Amino acid sequence: MTQNTSTIRKKVTQYVLQETFAEKNKIQNDTLIFKEGYFDSMGFIMLITFLEEEFGIKTIDTDLIEENFESINSITGFIDRKTQN
Amino acid sequence: MPPRKPFSKDIILLNNVEAVVNEIVQKLRQDVLHKLKRLGAIVGISGGIDSSVCLALAAKAFGPNKVLGVMMPEKDSSPDSERLAQKLADKFGVKAIREDITSALSGYRCYKRRDEAVKRIFPEYDPETYKMKIGIKKTGLYSNLPSVFHLIIIDKDGKQQEKLLPAKEYLQIVAASNFKQRSRMSILYYHAETLYYAVIGTPNKHEHEQGFFVKYGDGVADLMPIGNLLKTQVYQLAEYLCIPREIIEKTPTTDTYSAEQTQEEFFFQLPFDLMDRYWYGFENGYSPKEVAKVMDETEERVKALFNNFERKIRTTEYLRMMPIRDYYGI
């Protein structure tokens, strides 16, 4: 069953905050989580694994672009598109 | 202070290689004999350019009789590594011994732990008939996203399959493979202690600064004489020290996984001559605009490369840290 956008955003936000130990108000929906150094290489791999397990999607090479992962908003949009396809 | 030289492609070249070699050799003698108070030096030799230059420097500093070269192959090593290492030792008149670490690694279940993780990704993988390696995608280099790793398996007919590595399997494969570097470190210190010698580490500047080493593995040594040299400069020293041509011309590999893999493919993502120049520009505060003009690149891409360097330094800081012990006390 596909999840609605706000549920996806909530789950992604929860994961990002939990993994970065960041205060809630530090990371907004449009904060650039990689550019601003909240996530490193290992964090990226773990994020991909989380998304695959949580939302049942499969990430392929061409998905690995900034537009899909740079912020909570872009990750939410990416999951939305993937689950609808 | 003299004005800073404008950035150029040749800015990384050592102008007087002989003087640099003499300075390193003198400091090696001073450090080993007087600071560390040891009688000679141990060098792990792999047939690669870095360890070859280190062995030649050690032989020059202490004399060949006060240097021991140690070859430490295991079942995934290329046979070429050992042949070249022996050729190097012969050339410099240094005694070289062979310590096969395969059974030690089997004792640690290094291969078994690694292969279990590979099989979870590719159930058909059989270490007897397949080779494996981890690769990195070049696209990460100019992006704000960090690189991700791919697992590659190759069957006996050369057919290659590739999949994105999930976190759990990536960590298990790397952790298991790191037994190799840590076992080598143990062997080197065994011989160093029996002879009362110091261990010479072979990382170059990129490996140290960008974190291309194993903590408490090849990142451990008593001295690292080329630790402040760019790869191009290591090659300049190699030419001056008359390292065998075959070693100079060989592409640097990781020699860690069963399938052959270049260091560029696994970690650096750029050929060394380019990497050296960009790194020099980054480290010495040249602007992306100035570097881009000389390197015939766009300013945006050089900026992205500099960000990539910064990210590598930041994310590998843990590897260079000593144990933290300032918890209590005055």
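This report walks through a hairpin, the meeting of two chains, and some salt bridges. Keep in mind that the structure is a predicted model.

**A hairpin in chain B**

Let's start with two neighbouring strands of chain B. Strand β5 (residues 149-154) and strand β6 (residues 160-164) of chain B run antiparallel and are joined by five bridges. To see how they line up, find B:L151, which stands opposite B:K163 in β6(B). Five residues lie between the strands of this hairpin, and B:G158 takes a positive phi near 90° there.

**Where the two chains meet**

Now look at the place where chain B touches chain A. Here 17 residues of chain B are in contact with 18 residues of chain A. The size of an interface is often given as the accessible area lost when the parts come together. For chain B and chain A, about 1500 Å² is buried between them, with 70% of it on carbon and sulfur atoms. The rule finds zero salt bridges across this interface, while three residue pairs are in polar contact, both residues being at pLDDT 80 or more.

Which parts of chain B supply at least two residues each to the side that touches chain A? They are β5, α6 (167-195) and α13 (299-315) of chain B. Of these, α6(B) gives the most, with three residues. The residues on this side of chain B divide into ten nonpolar, five polar and two charged.

**Salt bridges**

Side chains of opposite charge can pair when their charged atoms come close. The structure holds 23 salt bridges over all chains, and the table shows some of them.

| Salt bridge | Closest N to O |
|---|---|
| A:E54 and A:K11 | 3.0 Å |
| B:E74 and B:K180 | 3.0 Å |
| B:D76 and B:K180 | 2.9 Å |

In chain A, A:E54 lies in helix α2 (residues 41-55) and A:K11 in helix α1 (residues 5-20), so the pair ties together parts that are 43 residues apart in sequence. A:E54 is partly exposed, at 33% relative accessible area, and A:K11 is also partly exposed, at 26%.

In chain B, are B:E74 and B:K180 buried or exposed? B:E74 is buried, with a relative accessible area of 4%, and B:K180 is buried at 0%. B:D76 counts as buried too, at 13%. B:D76 sits in the loop between β2 and α3 of chain B and B:K180 in helix α6 of chain B, so their pairing ties together parts 104 residues apart in sequence. Salt bridges that share partners join B:E74, B:D76, B:R114, B:D115 and B:K180 into one network.

Note on methods:
Residues numbered from 1 in each chain as written. Chains lettered and ligands numbered in written order. Heavy atoms only, no water. Pairing = 2+ DSSP bridges. Helix = DSSP H or I, 4+ residues; strand = E, 2+ residues; numbered from the N terminus. Contact = heavy atoms within 4.5 Å. Buried area = accessible area lost by both parts, 1.4 Å probe. Salt bridge = Lys/Arg side-chain N within 4 Å of Asp/Glu carboxyl O. Polar contact = N/O pair within 3.5 Å; in protein donor to acceptor, adjacent residues only side chain to side chain. Nonpolar A, V, L, I, M, F, W, Y, C, P; charged D, E, K, R; others polar. Buried < 20%, exposed > 50% of the residue type's maximum accessible area, 1.4 Å probe, protein only.
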